[in-house]
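Welcome, and thank you for taking a look at this protein with me. Please have the structure open as you read, and we will walk through it together.

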Amino acid sequence: MEAHNLKMSAETKPRTHERTKERKNQIPLGLYVHIPFCVRKCHYCDFTSGPFGEKARQMYLEALQEEIRSTSWRGCSVTTVFLGGGTPSELTIPELEELVTALGRTFPIDKNAEWSIECNPGTTSQGYVAALGEMGFNRVSLGVQSFDDSHLRFLGRIHTAEEARAAYHDLRQAGFDNLNLDLMFALPGQTLDRWRADLEEALGFGPEHLSLYNLTIEPGTEFGNRRVTGELKETDEDLAADMFELAMDLTRTAGYQQYEISNYCLPGRECVHNLIYWHNQPYLGFGIGASSFIEGTRWTHTTSLAEYYRTASSGLVTRACQEKLNDREALGEEIMLGLRTEEGISTTALSRRYSCDVDSLFSQTFQSLGHNGLLLQEGERIRLTRRGKMMANDVCAQFLV
Ligand code: SF4
């Protein structure tokens, strides 16, 4: 881990070129590739995404391949590849093949690697998803969001519930045995019963994985603007909490594990790529707005297309932000990320990794959160209680510097 490297004495440090060679052989990376294309912008979306004209789209794909080819992390072994967006299923099959080829020529990708791609209903067909499987993708995340057409229209989604159902069936037909469905709750006007119907329908399909997110209204989005004018109000907090509890209950009854606050899976079907984020392991992002975290440094690419095009082939895309975490910051991050997971954190392992006594360092915080019924300590393991999960952001923030 990075913290150990920082503490190495001068004598034990390999020389720079040896370190680079060693680093490339030793650091297994998760790769993220950002495809910002979308048919149109959803009303709640603040991701780096939107409609692209044909020329802009070609320029972006060329820059993306140049960035991949010129990366200084060439040669690192790779365990997961995740194409996210935006709408990666806006790419044609030949465009996807070129990207997959560029990645395969740049990195030794594990033959058992998880290859995930996000698809939106309304942008796929039977032939398209069959070709994804032939290309090597073995996990698909489908952006369903709701099975209620009035909610889909309200969200500004491009598809109907029927198209989402059809896309799911096409994926199964094509042989995919690792599928995620994204659903949103706490939509303005959504009742607990409507949310129950969405959950029951999703569970009825039997996907291996579910991502269930509370709608948040972000400034600068269509919904954010409507909130400013008073046209839109956020869902009542108590109702949103009831919906989250219902999600936890129905998924558990159906045999799913809530392995992270918003993510549920059948046993053994966690998203391996997302586990990299939550386990604070290294990942490398390509494309505008993509984030990376390697050797204790975290950075995020510019979201300016002009800047991205200008720098993509240099091997060092302009960064909108970059920070090198010190040991205390890195420890806080790791606790925050670990607490979001079902397994929680091991104070013994963290104390060893960061050469400190985590129990003493956070004894007051652990105690007070424990008294308030938000944290549960079982030996060396600490995890969120059910109440703690409902207030996860507030609880986790207490460990950050
Ligand atoms: S499809 Fe996803 S990325 Fe694209 S606009 Fe909608 S929410 Fe944003």
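## A walk through the model

Let us begin inside the protein, at Val140: setting aside residues up to four places away in sequence, Val140 touches Ile117, Cys119, Leu132, Leu171, Phe176 and Leu179. Keep in mind as you look that this is a predicted model. Val140 belongs to the largest nonpolar core, which has 67 residues. Along with Leu31, Leu142 and Phe185, Val140 is among the residues with the most contacts inside that core. There is also a second, separate core of 17 residues, and its members include Ile335, Leu339, Ile345 and Leu374.

Now step back to the overall layout. The domain assignment of the protein gives domain 1, covering 2–278, and domain 2, covering 329–401. The C-alpha centres of these two domains lie 27 Å apart. Where they meet, 11 residues of domain 1 are in contact with 11 residues of domain 2. On the side of domain 1 that touches domain 2, the elements giving two or more residues are α1 (2–7), α10 (237–253) and β7 (257–260). Which of them gives the most? That is β7, with 4 residues. By class, the residues on this side of domain 1 divide into 6 nonpolar, 2 polar and 3 charged.

Next, find the ligand. Around the ligand you will see Cys38, Lys41, Cys42, Cys45, Phe47, Ser49, Gly85, Gly86, Thr87, Asn120 and Gly143. This shell has 4 nonpolar, 6 polar and 1 charged residues. Two members of the shell deserve a second glance: Gly85 and Gly86 are joined by a cis peptide bond, with omega at about 20 degrees. Gly86 sits in the loop between β2 (78–85) and α4 (93–106).

Further along the chain, look for two residues with an unexpected backbone angle. Asn280 has a positive phi of about 60 degrees although it is not a glycine, and its place is in the loop between α11 (272–278) and β9 (283–286). Is Asn280 buried or exposed? Asn280 is buried, because 21 other C-beta atoms lie within 10 Å. Glu295 is not a glycine either, and has a positive phi of about 50 degrees. You can find Glu295 in the loop between β10 (291–294) and β11 (297–301). With 12 other C-beta atoms within 10 Å, Glu295 is exposed.

Let us move on to a small piece of sheet. Here 3 strands form an open sheet in the order β13-β15-β14, with antiparallel pairing. Because β13 (345–346) and β14 (375–378) stand at the edges and have a single partner strand each, one side of each is left without a neighbour in the sheet. Strand β13 and strand β15 (residues 381–384) run antiparallel and are joined by 2 bridges. To see one pairing for yourself, start at Ser346 and look across to its bridge partner in β15, Arg381.

Our last stop is Leu400, in the segment after α18 (392–397). Leu400 is exposed, since 12 other C-beta atoms lie within 10 Å. Leaving aside its neighbours within four places in sequence, Leu400 is in contact with Gly332 and Met336. The C-alpha atoms of Leu400 and Glu333 are separated by 6.3 Å, while these two residues are 67 residues apart along the chain.

Methods
Residues are numbered from 1 along each chain as its sequence is written. This is a predicted model: local features need pLDDT of at least 70, side-chain atom pairs count only at pLDDT 80 or more; totals for chains, interfaces and linings use all residues. Domain bounds come from an automatic or database domain assignment. Two residues are in contact if their C-beta atoms, placed from the backbone, lie within 7 Å. Ala, Val, Leu, Ile, Met, Phe, Trp, Tyr, Cys and Pro count as nonpolar, Asp, Glu, Lys and Arg as charged, and the others, Gly among them, as polar. Two strands pair if DSSP finds at least two bridges between them. A residue is near a molecule or strand if its C-beta atom, placed from the backbone, lies within 6 Å of it. A nonpolar core is a set of buried Ala, Val, Leu, Ile, Met, Phe, Trp, Tyr and Cys residues joined through C-beta atoms within 7 Å. A residue is buried if 20 or more other C-beta atoms lie within 10 Å of its own, exposed if 12 or fewer, and partly exposed in between; C-beta atoms are placed from the backbone.
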